[in-house]
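User: Please take a close look at the pockets of this model, with attention to the residues and elements that form their linings. Some context from elsewhere in the chain would also be welcome.

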Amino acid sequence: MAGDSRAAANAAAVLRTVLEHGPVARSGIAGLCGLSPAAVSRQTTGLLRAGLLRELPGPASEGAGAGRPRIPLDLHTGPVGGPVAVGLHIGVPLSTFSLVDLRGHLLARRAFPHRDPRSPGLSRDIAAQLGAFLREFDTGRPLLGIGAALGGWVRPGDGTVVRHEALGWRDLPLAAELTDALDLPVSVDNHARAVAHAEMLFGRPEARRSLVHLFIGNVVDAAFAIEGTVHQGPGAAAGDVAHLPVPGSEAPCTCGRTGCLQATASDTALGAEAVRRGIVPDPSVPLLVDAAATGDPRADRLLRERARAVGRAAALLLDVLNPAVMVVTELSSLLHDGYLDEIREAAAALSRVHRDPGRIVSPYAGPAVLPGAAATVLLHPLFRDPSRLR
């Protein structure tokens, strides 16, 4: 087993090196990841055979010199034979289906609106619609499997949704249901952890040192990572910040207290407040963002109020964990930098340790963050142990 573990770690080192530096020759890989040329040769042979790497035409750019040219290697993202991961993000109003290549690039996407988010047959409907999506976008490229991400308490070890309040799910064996329906490997995780993994895999290098991800949607939750590992805690329950107190908020919460983050800043709370103020006819945050973009000062004011509330909650997390980077997924700040600046300013005003506004960022993928992050639920374990495909 020690030998197998060492080989898996070596394969992962080679694959991650090519992800970060490719196209790169075998000799370049050895210098970058610290393995011997012989070990790199063994691992690249296996990764080529598994279809994760490919040789590119022509010599590598760095001085090949006399003799045999250095053939550059890169991740196999080509349209012929390049494997793809399926992404499934399950939100409250809709699910999003996607196809993503080994570099996290989005190749196809489709939305499936939920007619009734609390319908007992919702998970079966999602599986059926995802199957139709895969048939429509079948290009013959190998499917690695399905990565599924959603809010709430998710146990990735067995793919069970332990609790999702808005969908009414309790102990739902989501991975088993999707595998039975679609005959593909399925990995399931919380969407805040999925975004954290995507940020560490494809985003900013500093995220691999330490990261906090704060997700603000209909569901509010968070993820924490140190040295490339996302913390799950016993039962994979880490990251439930729905009832984190927001300084200055008096919003009543269903838990009986006031000022909870979910009741103050969630999309559900924001949409209801927008309707109450007569800004939009329906409790829809995208409608509110559109209204602000077209110049409605009431919509802009409400979005800035939410951004400041998110910033005050972020300050508490920054002070506790002091991460190298904090990623905030929140719709208005994904689309307009002014709202991200509001989050940064509110956090800096309250935090006792945070002095660098640049540490608070939006996800590297921008508005496409959730489709890509869902697929990363499958891709992240693959980059940690590529031998699972052999």
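Analyst: A pocket is here an open set of grid points where a 1.4 Å probe fits, with protein on both sides within 12 Å along at least five of seven lines. Its volume is the space filled by probe spheres set on those points. The model is predicted.

In the largest pocket, the space amounts to about 980 Å³. Its lining comprises 37 residues, and those closest to the centre are Pro 93, Asn 218, Asp 267, Pro 286 and Leu 370. Both strands and helices appear among the elements that give two or more residues to this lining: β3, β4 (94-100), β5 (106-113) and β11 (210-216), together with α8 (267-276), α9 (285-293), α11 (331-335) and α13 (369-384). The greatest contribution comes from α9, with 4 residues. By class, the lining of the largest pocket holds 21 nonpolar, 12 polar and 4 charged residues.

The second largest pocket contains about 660 Å³ of space. Around it stand 28 lining residues, and Glu 165, Val 219, Ala 242, His 243 and Gln 262 are the ones nearest its centre. Two or more lining residues come from each of β7 (153-155), β8 (160-164), β12 (220-226), α7 (261-265) and α8. Helix α8 is thus listed for the second largest pocket and also for the largest pocket. The lining of the second largest pocket divides into 13 nonpolar, 10 polar and 5 charged residues.

Strand β3 (84-90), named above for the largest pocket, also bounds a loop: His 76 lies between β2 (73-75) and β3. His 76 counts as buried because its relative accessibility is 13%, and the cut-off for buried is under 20%. Leaving aside residues up to four places away in sequence, His 76 touches Gly 51, Leu 52, Leu 53, Arg 54, Gly 81, Gly 82, Pro 83 and Leu 102.

A helix pair completes the context. The axes of α2 (residues 26-33) and α3 (residues 37-49) come within 9 Å and cross at roughly 115°. The crossing of α2 past α3 is right-handed. Helix α2 supplies Arg 26, Ile 29, Ala 30 and Cys 33 to the contact, while α3 supplies Pro 37, Val 40, Thr 44 and Leu 48. Of these residues, 6 are nonpolar, 1 is polar and 1 is charged. Within α2, Gly 28, Ile 29 and Ala 30 are buried. Gly 34 follows α2 and has a positive phi, near 85°.

How values were computed:
Residues numbered from 1 in each chain as written. Predicted model: local features only at pLDDT ≥ 70, side-chain atom pairs only at ≥ 80, totals over all residues. Heavy atoms only, no water. Axes fitted to C-alpha atoms, helices over the stretch in contact; angles between N-to-C directions. Left-handed = near helix turned anticlockwise from the far one by under 90°. Contact = heavy atoms within 4.5 Å. Nonpolar A, V, L, I, M, F, W, Y, C, P; charged D, E, K, R; others polar. Buried < 20%, exposed > 50% of the residue type's maximum accessible area, 1.4 Å probe, protein only. 1 Å grid on protein atoms, 1.4 Å probe; cavity = no way out; pocket = protein on both sides within 12 Å on 5 of 7 lines; lining within 4 Å.
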